[in-house]
Amino acid sequence: MGSCASSNSDTTSARARQDWGHEQERDGDSQPTDDFMAENMGNLIETKDHVDEGLYSRQLYVIGKEAQARLQSSKVLVSGLDGLGLEICKNLALSGVGVLTLHDNGIASSLDLASNFYLSDARSPEKRAMAVIPHLEDLNQNVEFRVISEIEETDVQDHDVIVICGASESTQINLSQWSRQNDKKFVLGDVIGAVCYGFCDFGSNFEVIDPDGEEPVEVDIVSISHDDVGSVICFGEERHGLGDKDVVMFHDVRGMEELNGQERLIHVTSPFTFTIGDTSSLSPYTSGGRVIQLKQPRVISHSSLQESLLDPQIEVTDWANPQRSEFLHRAIRTLYAMESNRQGLQETDEDASYLAPLNAFLDEMKSQYGDVVNKHHLEEDLERLFESRKGRPGPLCAFLGGILSQEVMKSCTGKFSPLQQWFYYDMLDCVLTKQMQSNVSNPDNDHGVDDEDEEAEGAEEEGAPQNDPMQSNRYLGQEVVFGRDLQKKLAQLKVFVVGSGAIGCELLKNLAMMGVGVGDEGKIVVTDPDRIERSNLSRQFLFRNSDIGNNKAQTSAAAIMEMNPAVHVEVFEERVGKESEAVFTEDFWKQFDVIVNALDNVSARQYVDEQCVRHEKPLLESGTLGTKGNVQVIIPHLTESYEDSQDPPEKEIPMCTLKHYPFTLEHTIHWAKDLFHGLFERPSVLMEKFLIQEVELSEDARTDLSDFLFCFPLQPDRLCQSALDCLEWARSLWEQRFANEIKQILHIFPPDALASSGLPFWTPPKRCPQPLEFNTTEDDPPSLLFVEAAARLKARILGLEGEFESLDIQEALEAVQLPEFHPISNFFVPQDDSDVPQTDNENDEKEDTSEEGLLSPKLEALDGLPGNSPFQQIQTIEFEKDDDDNGHMDFIYAAASIRAQNYGIPIKDRPTAKRIAGRIIPAMATTTSVVGALACMELYKVALNGNAAFTAPRVSYRNSFTNLSLPLFAFSAPLSPKKLSRNWTKWDRIDLDGGLTLEKILSLLKNDYSVTPTMLVCGPLCLYANFQSEEKRAQRSNMTCKEVIEELTQKDLPEHVKSLWIYVAAVDEQEEDVDIPCLRIRIS
């Protein structure tokens, strides 16, 4: 959060806000009272078109404002509030669906407690719908909740989407038929033991407005052929990213201007070219132009449930075994048939008549697929499915709940492509059958499904669960799937969760439901330094309005302890990194069984990954971006680490492009943010240091501060001391940035200038700019917003903002007199980033000419201010994107938009500028639910590893990538660790005693490992290098690594440091480079 205090007055005038860039209501942060909600619920439905941008901002970056409005006008009926149904309701409530109707007459049971996080126990015979609705209402007061006891056809007619969870097959078919007959969307799902499935039927004519959710491609072009083919060549070395038969629109084409505004179907001929058809009748192309991809809606035709049961379309999730989804589909339908046959009968599970359909199904699979059944162990999987069928593990419910709630949102908005039409996922490889368990344990301790059912019934009859968390029936829905031994292991796990934002909330909820850390030795440790903001509430479901401003880690820990009072949680508020190593010491890391990341930046992930490699700890890494999510499993010595496979760093914008030749709105936004920092953030900090703390500033800092305080070029010793002064400065700033600097560039490179190659200088991607003229009327809202925002920000720093109340801004602007601008002939403007001035002071003459060497009087006046300053209420400013009243985004959006006008760049909306300037990651509750669940599913395997009945080779773990918008689900085994020399990997290390001198270390490496070190490095410190002087090497040869480090840093090594990690560069006997493991020097 920024340190700048908000003023009581609006940052910019209502005129500028209403006319341009501010569609959101200013009172969007207020929430209706309970009385209002009760008395005026009907009125809320009439105002569903209002989109609360402050609450849904991260989601709006994914689906857009129009889709959000459609979602808020939708009515969804969810039947079945087991763990899956509750997950769907949670995600839909967070996302802001208009009306959410709940149906479930079932009584809460022990089997619910492992997945339904709003049930504290199963002692009271309360219907599940009534038990959970108070908690759901707390998630989002903008959603209207209803409860019905029975579903009639009129209820189907009154809703847009019908969602069914955990129902019998006959109920599924009946409700799907009603949905079809009334043209309603139908979504079905269930979790059956270690298998989950979903189904969608959006009708035979469902229009998808945006199939993939990606930003439309924009490409600059350099030529268009004048012939019957119309071949277009795109600028640059990067691929254009267009697809065959895409539709594009042309803009800014010169010469062949008839194309501008035209839509053309394209045929891709290469990654850099495409054709648009006959252009021979058009004028010849001369220069410029760009194309923008136009998203085309498409129509999806779904089969009904009955039709799809006979001829299913199933999404493939296991490409190594594509028949698996069909196997699961048919196996689940066989189970439904078996349960239907069992109605009213008294047979046991072993009865031949009851098991007959299962045996017949297995015979059919063997007949149809032969060796596939044996190769992929389908017979064993069928046994696992049958034995675990009564359970509902929480992570599987959360995983499928995220997917199906996204499908509901698609059906309401037309945004993104729906499932086609069945989806299956399983964890059967983690199920230990009775036979598998009996092979490794005492049969008397067997806990099969039917034994657990009896245990559950007995516990419910006796009343409350026992005090010992491991003797209670709270985890029965999970235990009947994975067994008692795994439950005991989960209870004793020590897990470190790094971050408690959106993914962190999901992880912590899942861990609590799984019973992680409830044993005597188990615990969950969570850390997060961030405070809760209102924009978090649409996806970080452990937080409420009353929590805003509180620490995330503390709040989330309290929330999961309410869900499961048995869980042991420790909380830190520190950021994990080098600066907190005194808190998160080597002993701290050693205590954990697994680390789980919930971070939002690469550098923090790299740091945690480094600690996990050093301390040989499993790491579950995850991340999201809109509808995309990924999970990476990192197991010591078994898989590669995060560092081995991370995404490449973001491309930096060349400075020359940013300062002189922008060609995208992103360039202008980054330029505007840099301007904000230079004009307000840095000077405000310098003012506080210089005038309040009386700190001595560097020469550059003194110059910057004097420019800020003495801002009148012709009166260098005149302080900016009033709101009117600030306004005159802001008006002068506008002239300098958007008129004079552009005139200067055009003076050096006029529109018809030629480059050194002889070609026109202003060719793509360069855009020839145009200077602007300031208009004091309301016809130029971005300029008015810029000037007023800049003036108010400067006045706020100086403690003068209150004076604006009595200032007539328009009259004051009209009275401003500015000196005439004269371009400088020898001013250096680079042609590109490789162009450098001939001397370091190429433009020194400019400063002397324009300011007549008046810098000295400014500095002299500045030196007299400390102790005698007229500024008594200085406020520092730090950029804060989410406060719409602080003027930060007003300035940045206005500055970026005006600069875009300079360069003819299309202007986008304010939220886009906010996302880019604030580096906001688009986010959805649905995606975080899926990713958090996938990470916890892999935690089962980490905990199972070492069980005699379960082997966890590398291929049993699953890295995952999901894109809910397509939808796409890709799972793969983690890669093996990368090999260093001599079959070492980064997980290896060479342990040495801290008492060894450098000379002995060098000798040991040479004698024991046949390598000659050329360099020893510890962090940024070089302890030894063969290029160092002989005197220095001799001096350090008898010193330990600790002593060398203390000599280099001139301070003692902190007490918490127990080991030094030394990276070695070395060569072998043939003088070839050798990669060897790190040295771990134990100094304690």
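1. Cys720 counts as buried, because its relative accessibility is 1%, where buried means under 20% relative accessible area, exposed over 50% and partly exposed in between, with a 1.4 Å probe and protein chains only. Cys936, at 2% relative accessibility, likewise counts as buried.

2. The model is predicted, so that local features need pLDDT of at least 70 and side-chain atom pairs count only at pLDDT 80 or more, while totals for chains, interfaces and linings use all residues. Residues are numbered from 1 along each chain as its sequence is written, and side-chain values use heavy atoms, with hydrogens and water left out.

3. With a disulfide taken as a pair of cysteine sulfur atoms within 2.5 Å, the count is zero. Cys720 is in no disulfide, and the nearest cysteine sulfur, that of Cys726, lies 3.8 Å away.

4. Seven strands (DSSP runs of E, at least two residues, numbered from the N terminus) form an open sheet of mixed pairing in the order β3-β2-β1-β4-β5-β6-β16, two strands being paired if DSSP finds at least two bridges between them. β3 (144-148) and β16 (422-426) stand at the edges with a single partner strand each, so one side of each is left without a neighbour in the sheet.

5. Within this sheet, β4 (residues 161-165) and β5 (residues 185-192) pair in the parallel sense over five bridges, and Ile164 stands opposite Leu188 in β5.

6. Strand β6 (residues 195-201) pairs with β16 in the antiparallel sense, also over five bridges, and Asp426 in β16 is the bridge partner of Val195. β16 is mostly covered, with five of its five residues buried: Trp422, Tyr424 and Asp426 point one way from the strand, and Phe423 and Tyr425 the other way.

Technical notes. Helix = DSSP H or I, 4+ residues; strand = E, 2+ residues; numbered from the N terminus.
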